[in-house]
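Subject: The structure, handed over

Hello,

Here is the structure I promised to pass on to you. Please open it next to this note, and then read on for what turned up in it.

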Amino acid sequence: MPFSAFKVLTFDVVGTLIDFETGILQSVRRIGGRAAQGLSDDRIFEAYKRGRDAHPYRSSEAMFHVYKSLAQELELPADDLSAGAFQLDVLRWPAFADSAEALRRLRRRFRLVAMTNADRTAFSSYSNTLGHPFDDSVTADETGTAKPDPNFFAFNRGRQSAFGYKFGEILHVAQSQHHDIGIARKLGYKTCWIERRQGQPGFGGTPAVATLTTPDFHFATLKQLADAIEASEPRAA
């Protein structure tokens with residue numbers, strides 16, 4: 001299917017556009033001090049994922065408790081001040097270097113819609129970091145659920161339909177095989193996998209999947225997607 005068939009690009013935000021893995025590692029190692037310096041990336045990520053599973057609620061509030069969970073597991077400072085610092089850092093996670101510019105390029109051609117498991121407060125911070133590129137957005141506190149729940153996707157599908165966009169005109173762009181690519185394909189979406197961890201072992205801060213889902217499009221960065229779309233357009237004579 002050519003890119004010209006799409007009118008809407010829906011985006012996972014955290015992991016695809018916002019580099020939460022770098023954010024987590026920098027925060028834990030800064031707050032944890034000397035005790036955190038010898039910890040491997042994978043050990044920090046595994047403790048983080050267990051903490052997030054135990055506290056799956058609003059990301060602008062729950063990360064305080066996520067930090068306390070991982071800090072106790074990793075024997076790091078687990079006081080309220082440290083947990084509060086981690087929660088504040090979550091709202092300041094950096095964007096990938098290519099995200100803002102690629103989104104600006106893509107917005108010239110498509111309606112851009114954020115589909116994020118972050119809550120509205122956290123998403124507002126990430127949108128600001130990215131330069132406010134979205135025409136529309138759907139957050140977990142508004143849907144009452146989170147990806148990979150099919151109801152999250154159904155909520156946004158109905159929302160975009162109300163704006164006049166057909167299901168077949170949507171391309172879902174995401175990094176997470178667990179939260180996005182696998183379930184989106186099962187639901188009939190066309191998908192684009194931005195494999196941010198290409199060349200790195202394991203799944204990092206994202207839950208592992210037993211089998212990778214083959215997407216319709218596959219790139220290592222968002223810039224590569226923007227480049228491919230522009231290259232596919234007919235050149236003026």
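F163 sits in the loop that connects α9 (150-162) with β4. The model you are looking at is a predicted one, so please read every value below as computed from that prediction. With a relative accessibility of 49%, F163 falls in the partly exposed class. Once its neighbours within four places in sequence are set aside, F163 has contacts with R111 and D136.

**The strands**

Follow the chain on from that loop and you come to β4, residues 170-174. How many of its residues are buried? Five of the five are, so β4 is mostly covered. I170, H172 and A174 point one way from the strand, while L171 and V173 point the other way. That fits a general pattern: side chains in a regular strand alternate between the two faces of the sheet.

β4 pairs with strand β1 (residues 8-11) through four bridges, and the two run parallel. Within that pairing, T10 is found opposite H172 of β4.

β4 is also joined to β5, again by four bridges and in parallel. Here A174 has W193 of β5 as its bridge partner. To get from β4 to β5 the chain passes through α10, and this β-α-β crossover is right-handed.

β5 covers residues 190-194, and four of its five residues are buried, so the rest of the structure largely encloses this strand. Next to β5 comes strand β6 (residues 217-219), which runs parallel to β5 and is joined to it by three bridges. W193 turns up again here, with H218 in β6 as its bridge partner.

**The pocket**

How much space lies in the largest pocket? It comes to about 730 Å³. The lining of this pocket is made up of 32 residues, and those closest to its centre are Y48, R52, N117, K147 and H179. Sorted by class, the lining holds 13 nonpolar, ten polar and nine charged residues.

Several helices take part in the lining of the largest pocket. α3 (41-54), α4 (59-74), α8 (140-143) and α10 (177-186) each contribute at least two residues to it. Which of the elements gives the most? That is α3, with four residues. Note that α10 is also the helix through which the chain crosses from β4 to β5.

**Backbone points to look at**

As general background, most peptide bonds are trans, and most residues other than glycine have a negative phi. Three places in the model are worth a look with that in mind.

- The peptide bond from K147 to P148 is cis, with an omega near 15°. P148 belongs to the loop between α8 and α9, and K147 is one of the residues closest to the centre of the largest pocket.
- E75 is not a glycine, yet its phi is positive, near 60°. You will find E75 in the loop between α4 and α5 (80-90). E75 is exposed, because its relative accessible area of 70% is over the 50% cut-off.
- H132 also has a positive phi, near 50°, and is likewise a residue other than glycine. Its place is the loop between α7 (120-130) and β3 (136-139). At 45% relative accessibility, H132 is counted as partly exposed.

**One residue in α3**

Last comes D41, which lies in helix α3. Is D41 buried or partly exposed? With a relative accessible area of 35%, D41 is partly exposed. Leaving out residues up to four places away in sequence, D41 touches L25 and R29. The C-alpha atoms of D41 and V209 are separated by 19 Å, and these two residues are 168 residues apart along the chain.

If you have the model open, you could start with W193, since this residue has bridge partners in both directions: A174 and H218. From there, go to H179, one of the residues closest to the centre of the largest pocket.

Best wishes, and happy browsing

Conventions: Residues are numbered from 1 along each chain as its sequence is written. This is a predicted model: local features need pLDDT of at least 70, side-chain atom pairs count only at pLDDT 80 or more; totals for chains, interfaces and linings use all residues. Side-chain values use heavy atoms; hydrogens and water are left out. On a 1 Å grid over the protein atoms alone, a cavity is a set of points where a 1.4 Å probe fits but cannot get out, and a pocket is an open set with protein on both sides within 12 Å along at least five of seven lines; lining residues have an atom within 4 Å of a point. Grid points are joined across faces, edges and corners, and a volume is the space filled by probe spheres set on the points. Ala, Val, Leu, Ile, Met, Phe, Trp, Tyr, Cys and Pro count as nonpolar, Asp, Glu, Lys and Arg as charged, and the others, Gly among them, as polar. Buried means under 20% relative accessible area, exposed over 50%, partly exposed in between (1.4 Å probe, protein chains only). Two strands pair if DSSP finds at least two bridges between them. A crossover is right-handed if, with the strands pointing away from the viewer, the path from the first strand over the helix to the second runs clockwise. Contact means heavy atoms within 4.5 Å.
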